[in-house]
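Biologist: Could you walk me through one part of this model up close? I would like to start from a single residue and then work outwards to the ligands.

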Amino acid sequence: MNNFLFENGTKAIFGKGCVREYLACFLRNYGDTVMLAYGGGSIKKNGIYDEILGILKTEERNIVEFDGIMANPTYDKVLEGAKLAKENHVDIILAVGGGSVMDCCKAVSLAARYEGDVWDNFWAKPGIIDFEPLPLGVVVTVAGTGSEMNGGAVITNEKRKIKTGRDYPICNPKLALLDPEYTYSVPVKQMVSSGFDTLSHIMEIYFSEPDEPNVSDDIAEALMRGVIRDLRSAIKNPQDYTARSNLMWEATMAENRIIKLGKRTDFECHMMEHQLGAYTNCNHGEGLAVLHPVYYRHICKSGASKFARYAKEVWSIPETGKSETELAYAGVEALADFIREIGLPTTLRELGMTEETDLKRIADSCACVQGAYKIMNNEEILEIFRECF
Ligand code: NZQ
Ligand code: ZN
């Protein structure tokens, strides 16, 4: 394994009723003014808003509402939240939602405590944060990104057409409340998309060097088998508590740095998807589902032994009668079959892209990084986009 330092500043509290039980107690550690942040209104339909508002009122907090956080949150929305937080002297932010709400609030927590431009100084380059962001607590309502236990905030700068984010440990939420029942109302289409995002995180980490036997890859295989099993169960019965709880913790485990320890983790497919998102605002998990099989067909030969191990350990494909390369490709095709089975899109057209979409410009906007097993250049990214079209 490569050398590493492990730290995670988030306290995670998991399980049925955890918000009712622990939120008030957590808030007592901070000042009176709470910014209650959420998305487009799902929490008002499923009762989560009423439950949390009731707790805040009982605790006699001043409540500043920051609503309308969109999927794929924009930098303008971050600046709006920061202004609101500064004007109202907010003491703590409480983000209630999925990756988009959590990410937006992490960025607000920085921007509200910084006079300069957080995009230029932190998102566009890995600047050192030498100040304390506003404290943040999160209540997860859709499982997938794992944002609840890391310091990453993926933000779209609409003017510059860049979607990016970095994992700054100082931006980890102080508390993450994870009640699987809060995810029951997530529409199946979104549940599947966010669940695939989790699978993608694990695969992006797994398919990177070093490949010697290591704890991170062993845990990753167990997590991948789990996500596949639990998505199938939750599709059959969206109120399957076991499946929903596993999906929730699998999402957190994929992104709380544990399975990244000792690995290179380049997230090449995410980088391509983020740029598709920056130009077209496509759904994150769906974009990944379209790209992954095609991208893996491009890199499979260069990492054949790892893809063969994936075929055996994750998809239980028998190795008898197959060469290593055949087994490797069989693993990629098993993934493609699974994507179809759970109803995810398989083409960019299904995500709303048309002949007018300038795929070359998007491919050229992707910053090529050291690849999983093969460095992608802009020409090959364009080839992948065209094959996905
Ligand atoms: O906005 P509302 O009305 O709340 O509806 C949301 C939204 O439409 C809905 N939803 C959430 N909880 C619900 C619910 N609907 C019914 N019942 C509930 N309990 O779900 C929709 C999607 O929400 P969103 O937060 O956008 O989904 P997700 O959690 O998949 O987050 C995606 C964002 O996270 C970023 C993505 O790029 C994207 O911007 N990512 C963040 C990462 C991180 N910080 O570590 C890593 C990821 O790779 C990813 O890039
Ligand atoms: Zn993701």
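Where does glycine 151 lie?

Modeller: Happy to take you through it, keeping in mind that this is a predicted model. Glycine 151 sits in the loop that runs between strand E5 (136–140) and strand E6 (155–157). With a relative accessible area of 2%, glycine 151 falls under the 20% cut-off and therefore counts as buried. Setting aside neighbours within four places in sequence, its contacts are Lys106, Arg166, Asp167, Tyr168, Cys171, Asn172 and Arg257. There is also a long-range relationship to look at: glutamate 255 is 104 residues away along the chain, yet the two C-alpha atoms are separated by 9.8 Å.

From here, let us move to ligand 1. A polar backbone atom of glycine 152 is 3.1 Å from a nitrogen atom of ligand 1. Serine 185 also reaches a nitrogen atom of this ligand, with a polar side-chain atom at 2.8 Å. Histidine 274 faces an oxygen atom of ligand 1 instead, and an N or O atom of the histidine side chain is 2.9 Å from that oxygen. Of the 950 Å² of accessible area that ligand 1 has on its own, the protein covers 87%.

The shell itself is worth a look. There are 31 residues around ligand 1, and those that come nearest are Gly40, Ser42, Gly99, Ser100 and His201. By type, the shell holds 21 polar residues, seven nonpolar ones and three charged ones. Helix H5 (99–111), H7 and H10 each give at least two residues to it, and H7 has the largest share, with four.

His201 brings us to the metal. The zinc ion (ligand 2) has four coordinating residues, Asp197 through OD and His201, His270 and His284 through NE2, at 1.9 to 2.2 Å. Along the sequence these donors follow the spacing D-x3-H-x68-H-x13-H. Two of the donors tie together distant parts of the chain: histidine 201 belongs to helix H7 (residues 188–206) and histidine 270 to helix H10 (residues 268–280), 69 residues apart. Histidine 201 is buried, because its relative accessibility is 4%. For histidine 270 the relative accessibility is 4%, so this residue counts as buried too.

Staying on H10, we come to glutamine 275, which lies in that helix. Its relative accessible area is 4%, which means that glutamine 275 is buried. Not counting residues up to four places away in sequence, glutamine 275 touches Lys161, Ile162, Lys163, Ile362, Ser365 and Cys366. With serine 365 there is a side-chain to side-chain polar contact of 2.9 Å. Alanine 363 is 88 residues from glutamine 275 along the chain, and their C-alpha atoms are separated by 7.8 Å.

One last stop takes us back towards strand E5, where we began. Helix H1 (residues 18–27) has Cys18, Val19, Leu23, Ala24, Phe26 and Leu27 as its buried residues. The cover over them includes E5, along with strand E1 (11–14), strand E2 (33–38), helix H3 (48–58), strand E4 (92–97) and strand E8 (175–178). If you have the structure open, try following that route yourself: the loop with glycine 151, then the shell around ligand 1, then the donors of the zinc ion.

Key:
Residues numbered from 1 in each chain as written. Chains lettered and ligands numbered in written order. Predicted model: local features only at pLDDT ≥ 70, side-chain atom pairs only at ≥ 80, totals over all residues. Heavy atoms only, no water. Donors = N, O, S within 2.8 Å, 3.2 Å for Na, K, Ca; no water. Buried < 20%, exposed > 50% of the residue type's maximum accessible area, 1.4 Å probe, protein only. Contact = heavy atoms within 4.5 Å. Near = heavy atom within 4 Å. Polar contact = N/O pair within 3.5 Å; in protein donor to acceptor, adjacent residues only side chain to side chain. Areas by Shrake-Rupley, 256 points an atom, 1.4 Å probe, with all protein chains shown as cover. Nonpolar A, V, L, I, M, F, W, Y, C, P; charged D, E, K, R; others polar.
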